[in-house]
Amino acid sequence: MRILFYLLSIVIANVVTARFAPLEFGMFIVPMGTLFVGATFIFRDLVQNKYGRKKTYLFIFTALFLSAIVSYSLGDTLMIVAASALSFLIAETADTEIYTRLKLPMAWRVFYSGIVGGFFDSVVFVIVGLSPLGAGFLPWEAVPAAILGQVIVKTVIQMCGALILSQIHGAKEKEVMAG
């Protein structure tokens, strides 16, 4: 189920981004799919927790391929597909490697690795895909707000996921100690 949720969250993020207008909060511009991108890091961590680092990379490459196909089939330009693939690969690799190396409780590993992954995903996708360097959807002056808006949303999602995981794992530890 973890793998299914991981892959579905990536497909849903692509579909929602393609089908719905971005959210605008003052100067912040946040694609709707960002709400699901934050969840992909949590699901990826859960996959890694169960299957290990090496197998997780197989799932990341499967997800990358699936994401590119879905993105292109929804009408994204090759530049957007390439930017999405590049940001995905960098972000998922960063998340995986940080999650692997941190010697903290799972909830903290999910939180910290997801923040870094979300940061890289936001910066790379906005600069390579949306700025004048890429598809040109955003002028340079809108790029910092677009990056910051995505980072904020992804961080909040990571925080919620980490809180939920800490509650689940805390309850399991109490059961083990009481049992």
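This is a short walk through a few side-chain features of the structure above. Keep in mind that we're looking at a predicted model.

Okay, let's start with charges. A search of the whole structure turns up 6 salt bridges. Take Glu92 and Arg44: their side chains meet in a salt bridge, 3.7 Å from N to O. That pair links distant parts of the chain, with Glu92 in helix H4 and Arg44 in helix H2, 48 residues apart. And are these two buried or exposed? Both Glu92 and Arg44 are buried. There's a bit more going on here, since Arg44, Asp45, Glu92 and Asp95 are linked in a network of salt bridges.

Next one along: Arg53 and Glu97 form a salt bridge too, and their closest N and O atoms are 2.8 Å apart. Again, distant parts of the chain are linked, this time Arg53 in helix H3 with Glu97 in helix H4, 44 residues apart. Arg53 has a relative accessible area of 35%, so we call it partly exposed. Glu97, at 16%, counts as buried.

Now, Glu97 has another partner. Which residue is it? It's Arg101, and the salt bridge between Glu97 and Arg101 comes in at 2.3 Å, N to O. Here we stay inside one helix: both residues lie in H4, 4 residues apart, which is about one turn of the helix. Arg101 counts as exposed, because its relative accessibility is 55% and the cut-off for exposed is over 50%.

Back to Arg44 for a second. Its charged end sits over the ring of Tyr99, 5.8 Å from the ring centre. Arg109 has its charged end over the ring of Tyr99 as well, at 4.0 Å from the centre.

While we're around Arg44, have a look at Thr56, over in helix H3, residues 53-73. Thr56 is buried, with a relative accessible area of 1%. What does it touch, leaving aside neighbours within four places in sequence? Thr56 is in contact with Arg44, Val47, Gln48 and Thr96.

Helix H4, residues 78-101, also holds Ser84. At 15% relative accessibility, Ser84 counts as buried. With neighbours within four places in sequence set aside, its contacts are Asn14, Ser67 and Phe125.

On to the rings. How many aromatic pairs are there? The count comes to 6. In one of them, Phe111 and Tyr112, the ring centres are 5.6 Å apart and the planes are at 55°, so that pair is tilted. Phe111 is buried at 15% relative accessible area, while Tyr112, at 38%, is partly exposed. Ring pairs also bring in Trp108, so that Trp108, Phe111 and Tyr112 form a cluster.

Phe111 leads us to helix H6, residues 143-178, where we find Ala162. Ala162 is buried, with 9% relative accessible area. Outside its neighbours within four places in sequence, Ala162 is in contact with Ala107 and Phe111. For a sense of the layout, Ala162 and Ala13 are 149 residues apart along the chain, and their C-alpha atoms are separated by 20 Å.

Last stop, the surface. There's a nonpolar patch of about 630 Å², made by Met1, Leu4, Phe5, Leu8, Ile12, Leu35 and Phe36. Which helix gives the largest share? That's H1, with 4 residues. Helix H1, residues 2-19, and helix H2, residues 34-51, each supply at least two residues of the patch. One of the patch residues, Leu8, is found in H1, and at 38% relative accessibility Leu8 counts as partly exposed.

That's the tour, thanks!

Methods: Residues are numbered from 1 along each chain as its sequence is written. This is a predicted model: local features need pLDDT of at least 70, side-chain atom pairs count only at pLDDT 80 or more; totals for chains, interfaces and linings use all residues. Side-chain values use heavy atoms; hydrogens and water are left out. Patches are made of residues with over 30% relative accessible area and no salt bridge: like charges are joined within 9 Å, nonpolar side chains (Val, Leu, Ile, Met, Phe, Trp, Tyr) within 5 Å. Accessible areas come from the Shrake-Rupley method with a 1.4 Å probe; for residues, only the protein chains shown count as cover. A salt bridge is a side-chain nitrogen of Lys or Arg within 4 Å of a carboxyl oxygen of Asp or Glu. Buried means under 20% relative accessible area, exposed over 50%, partly exposed in between (1.4 Å probe, protein chains only). Rings of Phe, Tyr and Trp (its six-membered ring) pair if their centres lie within 6.5 Å; planes under 30 degrees apart count as stacked, over 60 as edge-to-face and the rest as tilted. A charge sits over a ring if NZ of Lys or CZ of Arg is within 6 Å of the ring centre and within 35 degrees of the ring normal. Contact means heavy atoms within 4.5 Å.
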